[in-house]
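Q: Hello! Could you pick one strand, take a close look at it with me, and then connect it to the rest of the model?

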Amino acid sequence: MSDSKLLIVEDLHVTYNTPTGLVRAVSGVSFELGHEKLGIVGESGSGKSQTGRAILGLTATGGTVGARRLAFKGTNLLNASERTMRQIRGGGISMIMQDPKYSLNPVMTVGSQIEEALLIHNRTSKRVARERTYEMLRAVKIREPERVYKTYPHEVSGGMGQRIMIAMMMIPEPDIIIADEPTSALDVTVQLQVLAVLDDMINERGMGLIFISHDLNLIASFCDRILIMYDGRVVEECNAAELEQAQHPYTRGLVNCLPRLDGGQDELPVLKRDPSWLTTPGATR
Amino acid sequence: MINIEGLDVVFGHGKNSFHAVRDVSLRVEKGQSFGLVGESGSGKTTVLRALAGILERVARVSGDMTVAEETQLRHRSQSFRRRVQMVFQDPFGSLHPRHTVDTILSEPARVHKLDRIEQRVVHALEEVGLDASFRFRYPHQISGGQRQRVSVARALITGPEIILLDEPTSALDVSVQAEVLNLLMRLKREHGLTYILVSHNLAVVAHMCESLSVMQNGSVVETMSVQQLREHSSTMPYTQQLLTASLGYDRTAIDAFEEFA
């Protein structure tokens, strides 16, 4: 069965050794990813971004990653050489970061950055690479690819910057995209337009997506399946459409404490944290 | 309580000038909460800052503003500054990193020459649900939600009638957002406060306010009651699109989105 799975994560732990003691950022996360859109939702500090980074071996120095199994299409990522990891990063699994302002190289033109991503993973001529870059910019709904190719990141808007980032991550044709709050810095309408671009490309190419966000409504409407994380663990897993029927008190608390457009609440129910959530084993699968 | 007529704000001069707010008028009754919504760059925060009187040095502000039956001149009176307070978006940037909570809270009281400062500080902390042990901590020693409570306490200390809220919860987790919104609602009830709330989140505005204005490119597109917003009875395409977008991801709806420039 594991053949159809792109990624298998079993009992993933990320710990940081700090002057004040051991910090467990992720403690025992397990999931599998197929050709689907998987959402990871949680509040700040829940370990959702740390999970994404650990998969790509991007855990900051001082952090230790351990797992029973961490496999991408049969390749064990835990003992992979740095050389293999470099091929997987970008070529097999790539990551879209939150803010294009900080994640694009400010002194390289947009076009050469996208091209670089392609040339590192594929052997093609400069001319073909440039054509592919234009094509990619068109695919992310950028109207004048020839003009945008020559611009620098500071000359484009946030929405366009994020489309450029998607283009750059898509061009080596990875199997998995990890998107860490890819649209949180954008206005709502722009956010949805950028997600539509991402959605269409994932469907066309049959990729897997891990979508990390704090926005419950967005994840529920965009993804197929959701993992809810709390304090480094997955407390619940459910189908996106069934979030309203979620069982775990933490998930229920998160859903309920959102103000609703249709109103009807005088006071918002406040989430009461139960210490037992920290000790009970994670969600059953 | 608040009446703004034909407000215009222009930053810069000549070729480099930017017309941030164009002919905005709004009216807020005493004890009401009024929402200003719009996307980034729509001018909603600039309206709030112009009303607070903190733009005069950096921009050309014109139009008539009346607050509590007092016409506001270029230089605001001391009593205006006491009666109108502001809470900012980012609790990390708006509290002095090297001042203790006690210093942060007593400063406005000292500026306005109030008496019994220590009692006021303790009382303000109590009002926002923090105990007196927070007085001698620094901002970096407390959580984001607690920091935003300190910002609210700082606004309360002068005994204001109007609080201007600029995205007060958008930097917070949803569970903390719920606590801060509940706190703001309770304070409004207990003190009869008037709020203007700037937010990009329609659900937050629908929860907190009775009426709202939708802004786009510096102008008010539409002013309506929250009831009308809930019933989707808006007539303006821009408002309708914003409303659709705030309901979540819907692939087919997105293709119908228009560019409003």
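A: Happy to. One definition first: two strands count as paired if DSSP finds at least two bridges between them. Please keep in mind that this is a predicted model.

Let's take strand β3 of chain B, residues 33-37, where 5 of the 5 residues are buried. Buried here requires 20 or more other C-beta atoms within 10 Å of a residue's own. In a regular strand, side chains alternate between the two faces of the sheet. In β3(B), one direction is taken by Ser33(B), Gly35(B) and Val37(B), the other by Phe34(B) and Leu36(B), and all of these are buried.

Now for the partners of this strand. Strands in a sheet pair through backbone hydrogen bonds, in either a parallel or an antiparallel sense. β3(B) runs parallel to β8(B), residues 194-199, and 5 bridges join them. Within that pairing, Leu197(B) in β8(B) is the residue opposite Gly35(B). β3(B) also pairs with β9(B), residues 211-216, again in the parallel sense, through 4 bridges. There Phe34(B) has Ser211(B) of β9(B) as its bridge partner. Gly35(B) and Phe34(B) point in opposite directions from the strand.

Chain A offers a useful parallel case. Its strand β3, residues 37-41, is joined by 5 bridges to β9(A), residues 208-213, and the two run parallel. Gly39(A) has Phe211(A) as its bridge partner in β9(A). The pair belongs to an open sheet of 6 strands in chain A, ordered β7-β8-β9-β3-β10-β11, with mixed pairing. Its edges are β7(A), residues 93-96, and β11(A), residues 233-239, each of which pairs on one side only. From one strand to the next, the twist averages 20°.

Back in chain B, a second sheet is worth a look. This open sheet has 4 strands in the order β2-β1-β4-β5, with antiparallel pairing. At its edges stand β2(B), residues 18-28, and β5(B), residues 70-71; each has a single partner strand, so one side of each is left without a neighbour in the sheet. For β5(B), the pairing is with β4(B), residues 59-67, antiparallel over 2 bridges. The bridge partner of Val67(B) in β5(B) is Glu70(B).

Strand β5 of chain A, residues 69-72, makes a nice contrast with our fully buried strand: Leu70(A) and Phe72(A) form a covered face, while Arg69(A) and Ala71(A) form an uncovered one. β5(A) pairs with β1(A), residues 7-18, in the antiparallel sense over 4 bridges, and Glu10(A) stands opposite Arg69(A). β5(A) is also joined to β6(A), residues 75-76, by 2 bridges in an antiparallel arrangement, with Ala71(A) opposite Asn76(A). The hairpin of β5(A) and β6(A) has 2 residues between the strands, and Lys73(A) there takes a positive phi near 45°.

For a helical counterpart to β3(B), try helix α5 of chain B, residues 144-156. It has 13 residues and reaches 19 Å from first to last C-alpha, close to the 18 Å expected. Of its 13 residues, 11 are buried, among them Arg147(B), Val150(B) and Leu156(B). The cover over the buried residues of α5(B) includes β6(B), α3(B), α4(B), β7(B) and α6(B).

That last helix leads us to the contact between the chains, which takes 27 residues from chain B and 31 from chain A. On the chain B side, α6, α7, α9 and α10 each give two or more residues, and α6(B) gives the most, with 7. By class, this side has 13 nonpolar, 8 polar and 6 charged residues.

Finally, chain A is divided into domain 1 (1-81 + 179-285) and domain 2 (93-171), and their C-alpha centres lie 27 Å apart. The contact between these domains takes 17 residues from domain 1 of chain A and 15 from domain 2 of chain A. On the domain 1 side, α1(A), β8(A) and α8(A) each supply at least two residues, with α8(A) giving the most, 5. That side is made up of 12 nonpolar, 3 polar and 2 charged residues.

Notes
Residues numbered from 1 in each chain as written. Chains lettered and ligands numbered in written order. Predicted model: local features only at pLDDT ≥ 70, side-chain atom pairs only at ≥ 80, totals over all residues. Domains from an automatic or database assignment. Contact = placed C-beta atoms within 7 Å. Nonpolar A, V, L, I, M, F, W, Y, C, P; charged D, E, K, R; others polar. Axes fitted to C-alpha atoms, helices over the stretch in contact; angles between N-to-C directions. Buried ≥ 20, exposed ≤ 12 C-beta atoms within 10 Å, placed from the backbone. Expected span 1.5 Å × (residues − 1).
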